[in-house]
Amino acid sequence: MRSSEPYNHPSMESSTANISNQVSLLSLLKEHFGFTSFRPLQEEIIRDSLAGKDVVALLPTGGGKSLCFQLPALARTGLTLVVSPLIALMKDQVDALQANGIAATFLNSSLSTQEIQARLRGVYRGDYQLLYMAPERLMLPESLNDLQKWQVNLLAIDEAHCISEWGHDFRPEYRRLVELRERFPALPIMALTATATGRVQEDISTLLKLQNPASYIASFNRPNLSYRVQAKSSPVDQVITFLQSQPQESGIVYCQSRKTTELLAERLQAQGIKAQPYHAGLTPEERSRHQEWFLRDEVQVMCATIAFGMGINKPNVRFVIHYDLPKNIESYYQETGRAGRDGLPSECLLLFSAGDTVKQQRFINEKPGIQEQQIANAQLQQMVHYAECPTCRRVELLGYFGEKFTSENCGGCDNCLSPRDTFDGTEVAETLLSCVETIYDTSGFSVGLNHVIAVLTGANTEKIRRWRHNQLPMYGQGKTQSRPAWAAMARELIRLGYLRQAPEAFSVLEITKQGQAFIQERHTIMLTTPINEPVRKTPSTEDLAHDESLFDRLRQLRKTLADERDVPAYVIFSDVALRQMAQNYPTNEQEFLRISGVGNRKLEEFGSAFLAAITEYVESNPRQHFSSTSTVAAPSAPTQGKPKPLNETTRETLRLFQRGFSVDHIAKQRKLAGSTIYGHLEQAIQADEPIDINRLLTPDQQTHIASAFAKTGLGNLTGVKELLGDLYDYGQLRLFRALHGKKNQ
């Protein structure tokens, strides 16, 4: 389906001249977007695009995907055509671009015929640098004919995972985009997405017929997000308690059913919390209205099903709560990724109960095909494993996408901040494994986990009676433990490799070789206590210390200006920018331009109003001073009461350190890893033992590290490591954090 006329690509004819004579990318970045540096991979992607290459960019939510095609649109003549799947996303991005003085528009079904014609005339005149269209409209015959006449220099395909049936939001209309490559073979294509497995990445390149594309895959790690799992007991009360700890912050609560979203929203409203439901059962007008209220901060909390979220560009979502268990890790990652797009610390809380697992399994059992059920069951088991695992949650999440996280302690999940206790589970393991073995030996077949637990707890079910399992010696031997407790311990034995849940045989439970070896030669098995601690607010949410009163005043001003312009508040300025203003008190244009996100257009349009508000505030309120160390909040203490006494191996490390030996020397002498020695010293600090940090870090280094922690929050060890690179290892950073945390307690 190739056009009979050759496509004259405007950027190809003068590519070398355009790039060699282009205005500095950094100056464009500051002038239009107010930033002084690029995020990881942005500059490389932009330069490859300007050179006319096809590009695949996989950047996490909040990683700056949009800038990768928006900045090239400013660096050369012609039109950048952006394919976007959602009307709300188009309007959102165009509003933000126009606020930055960039000529952008969109064409979609929300416009009248007159509005569409007016905008098309503008495109023909060359009035716009960026044009957003949905794939359905773009692939209409009249649109394809128009493309022949527009000076298009780049086709940017946002949410490119929609082209793959293996993607999480397959859109058949994306498949037709390959016709553009056939019609206009010289037109460079940039495909962008936030989440794609290897298989989806391959589909993107193949189905779009990209030509030797430059591929950029950023880390899936979101260091500003903290991950917590809390045992689900009284979920409405748990949500209310959480929200009361963040009274003015925006967030999303994901629920499994439409009914739950409405009931929860009503309960929150009764508590004085501005909340609204969002689900597919509402009318389009209701969904649009509730979403608009949320974007404009008229609503604090959106109680939503998974129908809400894609294309929501609200950067100051401070938390995402999962009221019910997601069906798989990929969905969980995408939904939590809607928090903290502005880079500020944000919370991800999952309320977990075994009952939710049963609900999900019922839905799975209703699926038509056995293979589809098996795949869904395996995905659910991965999700349950994540919820119950005692190890670093960040390691679990990144591992799902094939990325290895090497830190011993991410500093940003409940399991790293407050590790759960372990207990001797040898007898429990022996009882459970013996029950599985006995059932198989006497019946000749294996059964599922629920049936094994029913036997152990002495249940009187039809299957137990029919198979005479009430006559087994193990029947009723586990009555002292609850069914959920047995299920949690069984799942941990599966994780540890003693049991296997076989998806190809209806999830029956089998003993592995490791389990058989344990039965024959018993040894100690340590299990982890179930999740039952109340969630504690991550200390890093106090990041970017600032004058709270001034921040509130600036936020009110931002809201007023946004309402006057009929745009969401964050289009005016982000929370990051307002917090910096409330920290640095800029009172002239030069100081105001130093604020992140303030470019020339923002200065021209909003500078006088914000500078006047800040000047008026400081005339009647004393300035607060935020030093590089005082801005850092202390982490939550992992234990309560008296410091935990040191064991002998830790005390030996402390003795050697106090005698003047270096960490490397102690590690070699004791034949231990350096990270272990640092861990011993950190434990010594928590036990109130004196540690001279000056032996490990110079005063300048301490100031450097303190400045980094001031930006990320003391709880965000991973974020600090990413900021400082290889200048310091994790051990040094952990010791610094432990010492300053002690000082601030």
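This briefing looks at aromatic rings, charges over rings and one buried threonine. The structure is a predicted model, in which local features need pLDDT of at least 70 and side-chain atom pairs count only at pLDDT 80 or more, while totals for chains, interfaces and linings use all residues. Residues are numbered from 1 along each chain as its sequence is written, and side-chain values use heavy atoms, with hydrogens and water left out.

**Aromatic pairs**
- The structure holds 12 aromatic pairs, where rings of Phe, Tyr and Trp (its six-membered ring) pair if their centres lie within 6.5 Å.
- The ring centres of Phe220 and Tyr333 are 5.9 Å apart and the planes stand at 65 degrees, so this pair is edge-to-face (planes over 60 degrees apart, whereas those under 30 count as stacked and the rest as tilted).
- This pair links distant parts of the chain, 113 residues apart, with Phe220 in the loop between β7 (214-217) and β8 (225-231) and Tyr333 in helix α15 (residues 329-336); helices (H or I, at least four residues) and strands (E, at least two) are DSSP runs, numbered from the N terminus.
- Phe220 counts as buried because its relative accessibility is 5%, and Tyr333 counts as buried at 6% (buried means under 20% relative accessible area, exposed over 50%, partly exposed in between, with a 1.4 Å probe and protein chains only).
- Phe573, Phe592, Phe606 and Phe610 are linked into a cluster by ring pairs.

**Surroundings of Thr653**
- Thr653, found in helix α30 (residues 648-658), counts as buried because its relative accessibility is 0%.
- Leaving aside residues up to four places away in sequence, Thr653 touches Ile666, Arg670, Ile677, His680 and Leu681 (contact means heavy atoms within 4.5 Å).
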